[in-house]
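Here are some notes on the pockets and the ligand site, as promised. Have the model open while you read.

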Amino acid sequence: MKAIAPTTLTYPIVETFHSIQGEGTWMGVSAFFIRLAGCDVYCPWCDQKESWTSKLSPQQSIKVLGEAAKQANPTIVIITGGEPLMHDLWPLTKELQSLGLRVHLETSGAHAFSGQFDWVTFSPKPFKVPHESVYSHVNELKVVIANQKDLIWAEEQAKKLHPEAIKYLQPEWNSPQSQPLIFDYILDHPDWRMSLQMHKFLGVR
Ligand code: SF4
C-alpha cells in the first residue's frame, strides 16, 4: 500500500487537452489527455519529439491536474507521453481515481511499472526493450508497424502477454506501405486487429 502523496507534488507536463481517444479499444470516447514530459526511447518516426526532454516543460501539481481533468468531465483520463513510466505514477493515479475518474495509461513499457490503472495500453518499441514488470498489467497491445520486421517484433511481444490481451497492429502514419502489409497479415492471423489513428484522419489532437 502506497502512502498518500501531498497534492502539491508535481510532474513535468507537455500539455493537457480534452479530445476523443483516437486509437484502440476505447476509440471514439471523450478523453482528457495528460502528456508527461520525458522519453528515452527515441523512435525515429516519433511525432512527439518535443516531449523527449522534461527540462523545458512546466511542472504542474497533482491537485491542478486533477481539477483540470474533473472539470473536463471525460469518460476516461489518459496518461501518456513521452514515456510516462519514467515517473512514479502512483501519486497521480491515486489523486485522479480519488476524484472518481477512470484512468488509462499509454506506455512503451520502457521503465518499471508504477501506478494503479483501469486500463493499460502497451505499445512496445524495438528501440528500447520493455521492462519485465509491465507485461502482467497489459489490457491491450498496440504495435506500430512500418515494415515486415515490425510484425516479427509484434509476435514476440504478444507471446509475453496473458491470452485475454487485445492485440492491435497500427500502421506507421508516414509509411503507406504498412497499411496493405497489416491488412494482408490480419487475414492470415485473425487473432490480431487493425488500429487506425482516427484523430489524425479528423485533423484533431
Ligand atoms: S516512445 Fe513514444 S514518445 Fe517516446 S520516442 Fe517513441 S513514439 Fe516518441
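The points below go through the ligand site and then the two pockets.

1. Bear in mind that this is a predicted model. Looking at the ligand, the residues around it are Cys39, Val41, Tyr42, Cys43, Trp45, Cys46, Trp52 and Gly82. By class, that shell has seven nonpolar residues, one polar and no charged. Gly counts as polar here, so the one polar member of the shell is Gly82.

2. Where does the ligand sit? The space it takes is the largest pocket, and that pocket has a volume of about 800 Å³. Its lining runs to 37 residues, with Glu23, Arg35, Asp47, Gln48 and Gly81 closest to the centre.

3. Several elements give two or more residues to that lining: strands S1 (10-20), S2 (30-36), S5 (103-107), S7 (140-145) and S8 (166-171), along with helix H5 (198-202). The lining of the largest pocket is a mix of 12 nonpolar, 14 polar and 11 charged residues, whereas the shell around the ligand has no charged residue.

4. Now for the second largest pocket, which comes in at about 170 Å³. Thirteen residues line this one, and Pro126, Phe127, Asn147, Lys149 and Asp150 lie nearest its centre. Strand S7 and helix H3 (148-158) each supply at least two of the lining residues.

5. What is the make-up of the lining of the second largest pocket? It divides into nine nonpolar residues, one polar and three charged. Also worth a look on screen is S7, which gives two or more residues to the lining of the largest pocket and at least two to that of the second largest.

How values were computed:
Residues numbered from 1 in each chain as written. Predicted model: local features only at pLDDT ≥ 70, side-chain atom pairs only at ≥ 80, totals over all residues. Heavy atoms only, no water. Near = heavy atom within 4 Å. 1 Å grid on protein atoms, 1.4 Å probe; cavity = no way out; pocket = protein on both sides within 12 Å on 5 of 7 lines; lining within 4 Å. Sits in = over half its atoms within 2 Å of the grid points. Points joined across faces, edges and corners; volume = space filled by probe spheres on them. Helix = DSSP H or I, 4+ residues; strand = E, 2+ residues; numbered from the N terminus.
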